[in-house]
Structures are given as structure tokens and as C-alpha cells.
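Could you walk me through this model, stop by stop, telling me what to select and what I will find there? I have the viewer open and am ready to click along.

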Amino acid sequence: MKRKHIIQLAAASAAVFASAFAAPAMAQAYPSRPIRMIVPFPAGGATDILARALSQKLGEKIGQPVVVDNRPGAGGTIGADAASKSPADGYTLLLATSSTHSIGPAINPKIPYNADTDFTPIAYVASSPNVVLVPNSSPSRTMKEFIDHARKNPGRLNYASSGNGTIVHLTSEYFKAQSGTFILHIPYRGTALAMPDLISGKVDVLFDSFVTGMPHVRDGKLRALAVTTLKRTSLAPDMPTVSETLPGFESVTWFGVYGPKGLPQDLAAKVNQAVNAALADADVKDRFARLGAEPTGGSPAAFAAMVKADTAKWKKIIAERKITAD
């Protein structure tokens, strides 16, 4: 009886000892299966292509495949909402953009998730600038000349956008507010449809995506005045920035990785470390450059601070300029 009691006590002690190490061992085992990265936009688009370039290298760095799961619809809202409602176990990530977490929430308070509280920020992945395009017939060859020309001709110039409430629309209104100019808005269903009118001179200016706008500049069909990054971009190091004429002006489309709310800090840190390692890879840098995006990286805290500042900026512009998505 005494011997049986000793055996039971030893077994109990072994169980306690094992359980003390079980949690750390399980945490260290992450990830033990493939990770899903939700992309809230269609396959083949810029966000999807960027996600696939990142996910391949991220999988190598973190030790498990990272599978892209396209969940398009409602300007990225459907995919972002699905990610917010996923288990906070590190096996569902979201590649968010300024559309899903800055502009979208600022212009549409009825979206089904809270961009501030329903996600765990993990890593700032990349930023992509716009480029200021004018027709070759424009009298302006610099940003300063364009601003001076617009100020002298209030209401006589126009700008194209890819639609109400888009980054192109908001960037243009932000520019008007900062420059003190009055330029009329002509919304199109995408900047590609505005290009013929810009090239012909019917449209005076377009703040277009670097990727889609620069080929027309290289072909000699349009003139590029500046990019919208705060500092000169490695994508076009010789091109001036708008901020060189309007200090502090910045408008970029950003991309970043989130997890659902409540993601354990150690898992977020592990994914952050792997994302930063992937972004340092030469192949990833090259593929991003071809998409017109610059790798960024950094800590979760720095990413969260950037998004907070970006959202505040667009909220202010939307309120002041009375911008709606309709």
C-alpha cells in the first residue's frame, strides 16, 4: 500500500513537471501547419501579386507554407472582416491596405469591423506612391509651376480620379487643401479610363499610381512632376517629391500584416521577425520594385503608429472637404 502511494505520488509529480514545460514547448512549436494569408482583393491585382511575393519568402523564413486566400469584395471589407473573426492562433493573417484600415473606416463608419480594436498589428510591409501626371501640352514643368498656374486660374483646371472616395480622389483633395488651389474634380471608373483624356489635354492633372502612371511617362505620352512620398523614392530617385514644394505632404498606399484581435504577443513577434527577414531578401525587393512598392518593415508598434496617423489625416480631409463615397 505504501509502495503504491509512492508510485502515485511520483506519477503526479511527473505530470506537474511535464505540464510546467508543456506551454513553452507548444509556443515554440508555432507554426506546426500552413498559415493562411487573407488578401481582401481579387487575384491578379497589385495587392494579390505583392502578397504572393511576400508569402513565398515568408513561408521559407517562418518554416511553414503561407497560403494566399483571396476574399475580395466591398473595397476589401469582406476579406478584412473574415480575418477579424478568425481564431487568434497565428494561423490566419491579413494583408491589409490603406483602403481597409485607413480610408475605408474614415469614409464609411458602417463597415462590419473596427479597424482599431479588432486586429493585432504585426508588420508594415510596403508603401507605394502616386505620381503627379500632366499632359505634355501643360505649361507646368515643375510642381511649383503647376501650383502657381492653378492659383492664377481658380476653377479653370480639372483633375481626374478613379472615383469618389478613392485614394486618388482623397490625395487630390489633400493637395488642393495644402496648396490653396481650386481645381475641379472629374471622377472616372478607374484611372485607366482617364488616361486618354489626360494625354489629349482634356484633363489637367492626375495623381495616379506609380505602377500604372510611369509607363506613359517612359513612352513620352505624359509628364511626371513629382511623387507623393515624403522623401524621394528609390523607385525614381531623381524625381522630386510634392513635399519639396509643399512641406509635409505625403500620400501613399500602404500594405501591412495584421492578425485577429487577441493574437498572443510572442506569435505576433515571431511573424514580425519573419516578415522583416523576408523583406530584406533581394528577390522580394526586386519583385516589389517592379510593382512600384518599397519594402518598409519595422516593429508592430511603429506599424500601428503609422496607421493611426494615416487614418487621422484622411479623416480630417474627408470631414473638411465633405467627401463621400457616393
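## Starting at strand S7

Begin by selecting strand S5 (residues 158-161) together with S7: the two pair in the parallel sense, over two bridges. Before going further, please keep in mind that this is a predicted model. Now pick out Ala160 and look across to S7, where the bridge partner of Ala160 is Leu206.

Next, colour the whole of strand S7, residues 205-209, by accessibility. Four of these five residues are buried, so strand S7 is largely enclosed by the rest of the structure.

Keep S7 on screen and add S4. These two strands run antiparallel and are joined by four bridges. To find your place along the pairing, select Val131, which stands opposite Asp208 in S7.

## Across S4 to S8

Which residue in S8 does Val131 stand opposite? Show S8 and you will see that Val131 faces Val227 there. Strand S4 covers residues 119-135, and five bridges join S4 to S8, with the two strands running antiparallel.

Is strand S8 mostly buried or exposed? Select residues 222-227 to check: five of the six residues of strand S8 are buried, so this strand is largely enclosed by the rest of the structure.

While the strands are displayed, turn on the side chains as well. In a regular strand, side chains alternate between the two faces of the sheet.

## Ser172 and helix H6

Now move to Ser172, which lies in helix H6. With a relative accessibility of 2%, Ser172 counts as buried. Follow its side chain: the side chain of Ser172 reaches the backbone oxygen of Val168 at 2.8 Å.

What does Ser172 touch, leaving aside residues up to four places away in sequence? Select Tyr159, Ala160 and Phe207, and you have the residues that Ser172 touches. Ala160 may look familiar, being the bridge partner of Leu206 from the opening stop.

Stay with helix H6 and select Lys176 and Glu173. Their side chains meet in a salt bridge, 3.1 Å from N to O. Both residues lie in H6, which covers residues 167-179, and they are three residues apart, about one turn of the helix. Lys176 is buried, with a relative accessible area of 7%, and Glu173 is buried too, its relative accessible area being 7%.

## A salt bridge in helix H5

For another salt bridge within a helix, go to Lys144 and Asp148. Their side chains meet at 2.9 Å, N to O. Both residues lie in helix H5 (residues 143-152), four residues apart, about one turn of the helix. Asp148 counts as partly exposed, at 26% relative accessibility.

## Asp69 and its partners

Select Asp69 and Arg36 next. Asp69 forms a salt bridge with Arg36, and the closest N and O atoms are 3.2 Å apart. This pair links distant parts of the chain, as Asp69 is in strand S2 (residues 66-70) and Arg36 is in strand S1 (residues 35-39), 33 residues apart.

Are the two partners buried or partly exposed? Asp69 is buried, with a relative accessible area of 18%, whereas Arg36 is partly exposed, at 25%. Then add Arg71 to your selection: Arg36, Asp69 and Arg71 are linked in a network of salt bridges. If you would like to hunt for others, a search of the whole structure finds 14 salt bridges.

## Two packed helices

Show helix H2 (residues 46-62) and helix H10 (residues 282-290). These helices pack at an angle of about 180°, with their axes 10 Å apart. That makes H2 roughly antiparallel to H10.

Which residues meet where these helices pack? On the H2 side, select Leu50, Ala53, Leu54, Gln56 and Lys57; they meet Val284, Arg287 and Phe288 in H10.

## Zooming out

Finally, display the whole protein again. There are 11 helices and 10 strands to look over. Along its principal axes, the C-alpha trace spans about 100 × 40 × 30 Å. Of the 326 residues in the protein, 50% are buried. Among contacts with a separation of 6 or more, residues 24 or more positions apart account for 78%.

How values were computed:
Residues are numbered from 1 along each chain as its sequence is written. This is a predicted model: local features need pLDDT of at least 70, side-chain atom pairs count only at pLDDT 80 or more; totals for chains, interfaces and linings use all residues. Side-chain values use heavy atoms; hydrogens and water are left out. Buried means under 20% relative accessible area, exposed over 50%, partly exposed in between (1.4 Å probe, protein chains only). Two strands pair if DSSP finds at least two bridges between them. A salt bridge is a side-chain nitrogen of Lys or Arg within 4 Å of a carboxyl oxygen of Asp or Glu. A polar contact is a pair of N or O atoms within 3.5 Å; within protein, one must be able to donate a hydrogen and the other to accept it, and residues adjacent in sequence count only if both atoms are side-chain atoms. Contact means heavy atoms within 4.5 Å. Axes are lines fitted to C-alpha atoms, for helices over the stretch in contact, and angles run from 0 to 180 degrees between N-to-C directions. Angles under 35 degrees count as roughly parallel, over 145 as roughly antiparallel, 65 to 115 as roughly perpendicular and the rest as oblique.
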